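Here are my notes on this one, in the order I went through it. Have the viewer open while you read.

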Amino acid sequence: MLELAIILPTLNERGNLASLVERIDGALGPMLGDGGWEVLIVDDDSRDGTADEARALALTDRRVRVIQRIGRRGLASAAMEGFCATAAPFAAVMDADHQHDPALLPKMLAALKAGEAEVCVASRFAEGASTANWADPEREKLSGLANRVARALTGVDLTDPMSGYFMLPTATARAMVPRLSGIGFKILLDLLATSDRPLRVKEFPLDFAARREGTSKLDRAILFDFLAGLYDRTMGRLVPTRFALFGTVGALGVIVHFAVLSALLLVFEEGFTLAQGAAVLVAMSFNFWLNNYLTYRDQRLKGWGAVLRGWLGFCGTCAIGGFANVAVATLLESQGLFWAFAALAGILVGSVWNYALSSRFVWGR
Ligand code: GDD
Ligand code: MN
């Protein structure tokens, strides 16, 4: 009987899949036999043909399944998709790049089945763990603070709250999916913090290996993840996290606009129209860059072609949003609304419009 699903979110991991399935088989075979586990590859339409490779594996190995998502991105949402797509009572999430040792899988499963824990987490920082192949001193420094914030959020003491390797009953995860944010890479933290009560966690020391093929897709803006998570927990229902980020970036863009405008006016006193035009262009580009860097961090456009296309799309979106902004403000002002309120209403309508269009056409892929 099917007991365990191993969810492998993938983005350009073609060269890692076959050997990883083999290692998982080696680790789980003795405990579960052939029908007891399945690998669920959730691929976000990787350019290197990861989904094709996954399908090729699935053709001859019925324990391998594939979900290819088109037009969606994100490690957390890929994991959520996996929880919802398996019949296995237990599910694990792990990196597809060999950094996470499959040898922990049977131990975690045994602990869950014995009721020793409700969530099992592989930790890079627990007693006995090693990250010998992984030089990142900054992460070590930050981890003290990060762990304290994580404890406040989840009520659970963890040495590695950002771990991407964990196992839990699938039903537990599924029950929380509608309430998870799906933003960023902090899926474990998100699960633990979303639970109504602190979950009982057992940690397993992990020998964090070097990735075999390809390159890392994540950056280490851990602090950002925490702040976004904190916001999401408190204000997220009122104003969605991504929209809040988008709005904050927009507000910073206004500051940039005025800085550029006043600088240009100092130099060219007569050229207001030109200066205003230049300020709009600089502010728009700044907003595009910062949104790509922060707001859409989990689906960032990379490479010259993609960035150029994204930038052009963003400028087009802003032009439409700007038009809506002016139209609404003019209408309201002509109806007798105080000019500042009319302007604010225009800005709000324009931003919602910009947000809707750019999330769909610029970062939606
Ligand atoms: N489907 C999908 N969509 N998969 C993704 C995406 C995405 O947008 N981004 C990354 N992945 C996959 C990668 O292909 C890999 O299998 C796994 O998610 C983790 O990505 P890595 O690129 O290997 O991340 P890392 O090794 O740098 O980061 C590690 O540390 C983080 C915490 O600091 C991982 O263990 C993360 O899971 C962990 O959160
Ligand atoms: Mn990795």
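1. F90 stands opposite P169 in strand 6. That pairing belongs to the contact between strand 4 and strand 6 (residues 166–169), which run antiparallel and are joined by four bridges. Keep in mind throughout that this is a predicted model.

2. Now look at the other partner of strand 4. Strand 1 pairs with strand 4 in the parallel sense, again over four bridges. If you want a residue to click on, I6 stands opposite A92 in strand 4.

3. Are the side chains of strand 4 buried or exposed? Both faces of strand 4 (residues 90–93) are covered. F90 and A92 are buried on one side, and A91 and V93 are buried on the other.

4. Strand 1 turns up again around the ligand. The shell of ligand 1 holds 22 residues, and the closest are P9, A78, A96, G164 and S216. Strand 1 (4–10), strand 2 (37–43) and helix 3 (75–85) are the elements that give two or more residues to that shell. Sorted by class, the shell has nine nonpolar, eight charged and five polar residues. Worth a look if you plan to set up charges there.

5. Two backbone angles caught my eye. Phi of N12 is near 55 degrees, a positive value in a residue other than glycine, and phi of D45 is also near 55 degrees. Most residues other than glycine have a negative phi. As for where they sit, N12 is in the loop between strand 1 and helix 1 (17–32), while D45 is in the loop between strand 2 and helix 2 (50–60).

6. How do those two loop residues score on burial? N12 has 19 C-beta neighbours inside 10 Å, so it counts as partly exposed, since buried would take 20 or more. D45 is partly exposed too, because 14 other C-beta atoms lie within 10 Å, which falls between the cut-offs.

7. On to the overall layout. The domain assignment gives domain 1 (4–217) and domain 2 (241–362). Their C-alpha centres lie 38 Å apart. The C-alpha atoms of the protein fill a box of roughly 80 × 40 × 40 Å, taken along the principal axes.

8. For the second part of the chain, there is a record to set beside the model. An unreviewed UniProt entry lists residues 243–268, 274–294, 306–331 and 337–357 under "transmembrane region". In the model, residues 306–331 are 100% helix and 0% strand, with the end C-alpha atoms 37 Å apart. Residues 337–357 come out at 90% helix and 0% strand, and the end C-alpha atoms there are 28 Å apart.

9. One residue to inspect in that region is V326, which is in helix 11 (residues 304–334). V326 is partly exposed because 13 other C-beta atoms lie within 10 Å, and 12 or fewer would make it exposed. V326 and A345 are 19 residues apart in sequence, and their C-alpha atoms are 9.7 Å apart in space.

10. Last, some totals. The secondary structure of the protein comes to twelve helices and seven strands. Of the 365 residues, 38% count as buried. Among contacts between residues at least 6 apart in sequence, 78% join residues at least 24 apart.

Definitions and conventions. Residues numbered from 1 in each chain as written. Chains lettered and ligands numbered in written order. Predicted model: local features only at pLDDT ≥ 70, side-chain atom pairs only at ≥ 80, totals over all residues. Domains from an automatic or database assignment. UniProt positions renumbered as here; feature names shortened; annotations may be inferred. Near = placed C-beta within 6 Å. Nonpolar A, V, L, I, M, F, W, Y, C, P; charged D, E, K, R; others polar. Pairing = 2+ DSSP bridges. Contact = placed C-beta atoms within 7 Å.
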